[in-house]
Amino acid sequence: LKKQMRVFCQICQHYLTNVNTAVKEQAFTILCDVLMIFSHQIMTGGRDMLEPLVYTPDSSLQSELLSFILDHVFIDQDDDNNNGQQDDEASKIEALHKRRNLLAAFCKLIVYTVVEMNTAADIFKQYMKYYNDYGDIIKETMSKTRQIDKIQCAKTLILSLQQLFNEMIQENGYNFDRSSPTFSGIKELARRFALTFGLDQLKTREAIAMLHKDGIEFAFKEPNPQGESHPPLNLAFLDILSEFSSKLLRQDKR
């Protein structure tokens with residue numbers, strides 16, 4: 001069974017890059033289901049004898065699954081219009097429903113720690129842009145990952161903001177305008193993330209402190225090539241990080 005299942009997963013992984021969209025989507029859905037069934041959850045309830053069947057996807061499969069989501073779920077409705085004609089409302093709704101199912105299947109793998117939690121950074125950073133289509137799924141994934149591991153979830157949230165910041169730098173260089181829609185959008189996303197931590201500061205104390213440490217390290221990571229008298233290149237990230245500062249306990253602020 002173990003051998004058959006692994007060969008089957010390899011075949012499905014191969015089909016993720018098939019030219020036919022329906023085949024790709026079917027392969028993706030089956031993979032997500034198989035990885036769930038043969039995850040470490042299979043041993044719950046004292047079924048330790050099933051341990052040899054546990055299958056953990058390697059990093060290449062994890063990144064392929066993530067790439068599939070980024071390429072097929074986080075797209076504009078018009079991009080999904082294959083025949084070039086204006087689709088009617090019913091088929092648009094059906095297409096969105098299908099994409100929501102694909103995203104939910106992958107988020108389930110994150111929530112049940114079948115794939116690494118940091119892969120969620122690429123999902124979380126889409127929260128604002130695709131709020132109307134997938135906001136509920138992404139928010140629920142955030143909530144569940146926080147229940148599993150507060151610290152790791154905080155690290156994933158800050159990682160998604162860092163990724164967006166780096167993307168902005170690649171596009172606009174370091175002399176970007178802090179009043180630009182892109183920078184304001186990242187700040188707004190940070191504000192939304194901060195709201196998800198709730199009001200109990202003691203409960204989230206460690207996670208918020210870790211988030212600030214990671215953010216500060218990132219802000220000072222790239223020294224200015226013009227010398228130490230010039231500010232570090234990522235210093236503007238502190239502006240984004242400040243959206244979380246109201247959640248810090250007074251003794252942690254120092």
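F197 is buried in this predicted model, its relative accessible area being 6%. F244 is buried as well, at a relative accessibility of 0%. The aromatic pairs of the chain number 11. Among them is the pair of F197 and F244, which is edge-to-face because the ring centres lie 6.4 Å apart and the planes stand at 85°, an angle over the 60 degrees that this class requires. F197 belongs to the loop between α8 and α9 (205-219), and F244 to the loop between α10 (237-241) and α11 (250-253), so the contact of the two rings ties together parts of the chain that are 47 residues apart in sequence.

A second edge-to-face pair is made by F218 and F237, with 4.8 Å from centre to centre and 70° between the planes. This pair also links distant parts of the chain, since F218 is in helix α9 and F237 in helix α10, 19 residues apart. Both F218 and F237 are buried, and ring pairs join these two residues with F165, F176 and F183 in a cluster.

Two arginines are placed over aromatic rings. The charged end of R146 sits over the ring of F197, at 4.0 Å from its centre, while R192 lies over the face of Y131, with a distance of 5.4 Å to the ring centre. The ring contacts described here are set out below.

| Partners | Kind of contact | Distance to or between ring centres | Angle of planes |
|---|---|---|---|
| F197 and F244 | edge-to-face pair | 6.4 Å | 85° |
| F218 and F237 | edge-to-face pair | 4.8 Å | 70° |
| R146 and F197 | charge over ring | 4.0 Å | not given |
| R192 and Y131 | charge over ring | 5.4 Å | not given |

R146 leads from the rings to helix α6, where it is one of the buried residues, together with Y134, G135, I137, I138, T141, M142 and T145. Helix α6 covers residues 131-148, 18 residues in total, and reaches 24 Å between its first and last C-alpha atoms, close to the 26 Å expected at 1.5 Å a residue. The helix has a kink of about 25°, centred on I137, and I137 is itself among the buried residues of α6. The cover over these buried residues includes α4 (89-111), α5 (121-124), α7 (150-172) and α8 (181-195).

Helix α4 has 23 residues, which should span 33 Å at 1.5 Å a residue, and the 32 Å between its end C-alpha atoms agrees with that expectation. Its buried residues are A95, R99, L102, L103, A105, F106, C107, L109, I110 and V111, and they pack against α2 (21-37), α3 (59-72), α5 and α6. After α4 comes T113, which has a positive phi, near 50°.

The loop between α5 and α6 contains Q126. With a relative accessibility of 12%, Q126 counts as buried, because that value is under the 20% limit. When its neighbours within four places in sequence are left aside, Q126 is in contact with L70, F74, Y131 and I138. Of these partners, I138 is also listed among the buried residues of α6, and Y131 carries R192 over the face of its ring.

At the level of the whole chain, the domain assignment gives domain 1 as 1-75 + 94-117 and domain 2 as 149-253. The centres of domain 1 and domain 2, taken over C-alpha atoms, are separated by 31 Å.

Note on methods:
Residues are numbered from 1 along each chain as its sequence is written. This is a predicted model: local features need pLDDT of at least 70, side-chain atom pairs count only at pLDDT 80 or more; totals for chains, interfaces and linings use all residues. Side-chain values use heavy atoms; hydrogens and water are left out. Helices (H or I, at least four residues) and strands (E, at least two) are DSSP runs, numbered from the N terminus. The expected span of a helix is 1.5 Å times one less than its number of residues. The bend at a residue is the angle between axes fitted to the seven residues ending there and the seven starting there. Buried means under 20% relative accessible area, exposed over 50%, partly exposed in between (1.4 Å probe, protein chains only). Contact means heavy atoms within 4.5 Å. Domain bounds come from an automatic or database domain assignment. Rings of Phe, Tyr and Trp (its six-membered ring) pair if their centres lie within 6.5 Å; planes under 30 degrees apart count as stacked, over 60 as edge-to-face and the rest as tilted. A charge sits over a ring if NZ of Lys or CZ of Arg is within 6 Å of the ring centre and within 35 degrees of the ring normal.
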